[in-house]
Amino acid sequence: MAAAPNSAQKSEEEWRAILSPEQFRILRQKGTEPRGTGEYDKFSDDGIYNCAGCGTPLYKSTTKFNSGCGWPAFFEGLPGAINRSPDPDGRRIEITCAACGGHLGHVFKGEGFQTPTDERHCVNSVSVKFVPMETSATL
Ligand SMILES: [Zn+2]
């Protein structure tokens, strides 16, 4: 297999081959998982959340908080791990994995949550893969 300049960047066909249909729908086609159904919605183990597409570490469990919104919520991403861009709807800010461009969800500001940033990264569980602390500490 020829090495790509950046192995996190893949064609849509390549993504389709390595992702589940649900992962493809959300990460590559900017879908959203149904509210309250995500694997990590009510989940608070210690560890790291990696991109489900390319494996890049995105969020620490210490920045996850209970927003009650029905999706996993984080008040900040790991430095440089998250890209932001305005949604075509003109209201929301989309967040994506900076390495592979996979869709994570949206970020909302100033909602009054008692967190260090008052930002809420509203992330699809499908877009991330949790790695428990014992494992992630050795990375
Ligand atoms: Zn990624």
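This passage describes the annotated domain, the open sheet, the zinc site and the surroundings of asparagine 124 in a predicted model.

According to the UniProt record, an unreviewed entry, the annotation "domain: MsrB" covers residues 12-133. Over residues 12-133 the chain is 13% helix and 33% strand, and the C-alpha atoms at the two ends are 32 Å apart.

Six strands are arranged in an open sheet, in the order β3-β4-β8-β7-β6-β5, and their pairing is antiparallel. The edges of this sheet are formed by β3 (64-65) and β5 (82-86), each of which pairs on one side only. In general, the strands of a sheet are paired through backbone hydrogen bonds, in either a parallel or an antiparallel manner. Strand β4, made up of residues 73-74, pairs with β8 in the antiparallel sense over two bridges, and within this pairing phenylalanine 74 is found opposite histidine 121 of β8. On β7, strand β8 is joined through five bridges, again with the two strands running antiparallel, and here arginine 120 of β8 stands opposite phenylalanine 108. Strand β6 (residues 93-97) is connected to β7 by four bridges, and these two strands also run antiparallel; isoleucine 93 has valine 107 in β7 as its bridge partner. Strand β7 itself, which spans residues 103-109, is largely enclosed by the rest of the structure, because five of its seven residues are buried.

The hairpin of β6 and β7 has five residues between the strands, and in this hairpin glycine 101 adopts a positive phi near 80 degrees. Two cysteines from this part of the sequence, Cys97 and Cys100, contribute SG atoms to the coordination of the zinc ion, together with the SG atoms of Cys51 and Cys54, at 2.3 to 2.4 Å. The angles among the four donor atoms are 104 to 113 degrees, and the site of the zinc ion is tetrahedral. Along the sequence, the spacing of the donor residues follows the pattern C-x2-C-x42-C-x2-C. Cysteine 97 counts as buried because its relative accessibility is 1%, and cysteine 100, at 3% relative accessibility, likewise counts as buried; the cut-off for this class is under 20% relative accessible area.

Asparagine 124 is located in the loop between β8 (119-123) and β9 (128-132). With a relative accessible area of 2%, asparagine 124 is buried. A polar atom of the asparagine 124 side chain lies 2.8 Å from the backbone nitrogen of glutamate 33. When neighbours within four places in sequence are left aside, the contacts of asparagine 124 are Ile26, Gly31, Thr32, Glu33, Trp71, His103, Leu104 and Gly105.

One of these contacts, glycine 31, belongs to the loop between α2 (21-28) and β1 (47-51). Glycine 31 is also buried, with a relative accessible area of 9%. Although glycine 31 and asparagine 124 are 93 residues apart along the chain, their C-alpha atoms are separated by 8.9 Å. Not counting residues up to four places away in sequence, glycine 31 touches Arg25, Ile26, His103 and Asn124. Both Ile26 and His103 also appear among the contacts of asparagine 124.

Notes. Residues numbered from 1 in each chain as written. Predicted model: local features only at pLDDT ≥ 70, side-chain atom pairs only at ≥ 80, totals over all residues. Heavy atoms only, no water. Donors = N, O, S within 2.8 Å, 3.2 Å for Na, K, Ca; no water. Tetrahedral: all angles 85-135°; square planar, octahedral: opposite > 155°, others 65-115°. Buried < 20%, exposed > 50% of the residue type's maximum accessible area, 1.4 Å probe, protein only. Polar contact = N/O pair within 3.5 Å; in protein donor to acceptor, adjacent residues only side chain to side chain. Contact = heavy atoms within 4.5 Å. Pairing = 2+ DSSP bridges. UniProt positions renumbered as here; feature names shortened; annotations may be inferred.
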